[in-house]
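Here are some remarks on the model, set out as numbered points for reading alongside the sequence and the coordinates.

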Amino acid sequence: MSDTQGIITAAGLGTRMLPVSKEIPKEMLPVPFNGELKPVIQVIFEQLFENGLRDFIFVVSKNKRVIEDYFTPDYEFIRFLEMKGKNSQAESLMSFYKKIESSNLAFVNQNEPRGFGDAVLRAEPYAKDKFLVVAADTIVKDLDISKMKTNSFLTTRVTDARNYGVVIAEGDKVIDVEEKPKVPRSNMIIVPYYMFDRRIFSALRGISYSEELQLTCGIRTLIKNGVDFRVVEVSQVYDLGNFNGYAEYVKQGI
C-alpha cells in the first residue's frame with residue numbers, strides 16, 4: 001500500500017463529546033491500545049502505518065494545533081525521560097517518533113466546520129491519484145486495508161442506522177448511500193475508511209449546499225455518473241466520537 005496516501009480528517013467540533021471536547025480535541029482523547037494509553041489519532045496513524053502507508057495529510061482546524069504539536073518529535077523530552085529512568089516510556093515515544101520520521105506528514109486547515117465533504121476538499125491540492133480518507137474518531141480492530149480497491153469503503157451492520165451514513169448494496173456493489181435517514185433502507189452503515197481517486201473532488205465541488213457538505217453526497221454523485229463503488233464489511237468497529245462508543249472501547253480495549 002506504499003502508493004496509497006492517507007488523508008486523516010480531524011477538524012470537526014466534536015459536539016457529541018462535550019464538555020471534554022471544548023478544550024481537548026476528541027481525536028486526542030486517550031484510549032488503551034496494546035497495553036498503553038494513546039490518543040485516538042495516534043492509534044489510527046499507527047494502524048495505517050502498519051498497513052504500509054507513509055504519506056499523510058491531516059485536516060485540522062485552528063482549535064486543534066495540539067495535534068500538529070503532538071506529531072512533532074520532541075527528542076529533548078525523550079532525553080529527560082531517560083535521565084529520570086523512565087525507559088519504557090522513552091522507548092514508546094521513540095517508536096512513535098521513528099514512524100513519524102519515516103513518513104511524509106502535511107497539515108491543512110479547515111477554516112470553519114462545514115462538513116466531512118468540505119474537510120476532504122481541503123486536501124485536494126495535495127492529494128495523490130489514490131488515497132484513503134479516514135475520520136479520526138473511528139477505530140477498526142485488526143484493520144486490514146489490503147482488500148480495499150479504488151472507490152470502496154468499509155461498512156458494518158448496526159441495530160439502528162438512523163445516525164449514520166446508510167448503504168444500500170447488492171452483494172458488495174453499492175446501489176445508493178444516504179446520510180442519516182429518518183427511515184433507513186438497510187442496517188448497513190458506512191465505516192469512515194474510504195479509498196478514492198481524484199474524481200471525488202470534482203463530485204464534491206459540483207454540489208450546492210448551505211451549511212455542511214457531506215461526503216456521502218459526493219459518493220452518490222459518482223454512483224449516478226456510473227462509477228462503481230464496492231464495500232468491504234468489517235465487524236469490530238468503535239465509534240469514539242460519542243460517549244457510548246468511547247466508553248465501550250475503553251471497557252474492551254484492543
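**Notes on the predicted model**

1. In this predicted model, the span of residues 6-249 is 30% helix and 28% strand, and its end C-alpha atoms lie 24 Å apart. The span is taken from UniProt, where an unreviewed entry lists residues 6-249 under "domain: Nucleotidyl transferase".

2. Glu27 deserves a separate look, since its place is in a loop, the one between strand S1 (5-9) and strand S2 (30-33). Glu27 counts as buried because its relative accessibility is 2%, where the cut-off for buried is under 20%. Leaving aside residues up to four places away in sequence, Glu27 touches Ala10 and Ala11, then Pro39, Val40 and Ile41, and further along Lys64, Ile67 and Ala136.

3. Which residues of helix H8 are buried? In this helix, which runs over residues 243-252, they are Gly245, Tyr246 and Tyr249. These residues lie on the same side of H8, because the arc they cover around the axis is only 100°. Phe243, Asn244 and Lys251, by contrast, are exposed on the other side of H8.

4. As for what the buried residues of H8 pack against, the partners are S2, strand S7 (138-140) and strand S13 (237-239). S2 is also the strand at the end of the loop that holds Glu27.

5. The start of H8 has a contact that can be checked directly in the coordinates: a side-chain oxygen of Asn242 reaches to within 3.2 Å of the backbone nitrogen of Asn244. Asn244 is itself one of the exposed residues of H8.

Technical notes: Residues numbered from 1 in each chain as written. Predicted model: local features only at pLDDT ≥ 70, side-chain atom pairs only at ≥ 80, totals over all residues. Heavy atoms only, no water. UniProt positions renumbered as here; feature names shortened; annotations may be inferred. Helix = DSSP H or I, 4+ residues; strand = E, 2+ residues; numbered from the N terminus. Buried < 20%, exposed > 50% of the residue type's maximum accessible area, 1.4 Å probe, protein only. Contact = heavy atoms within 4.5 Å. Arc of directions from axis to C-beta. Polar contact = N/O pair within 3.5 Å; in protein donor to acceptor, adjacent residues only side chain to side chain.
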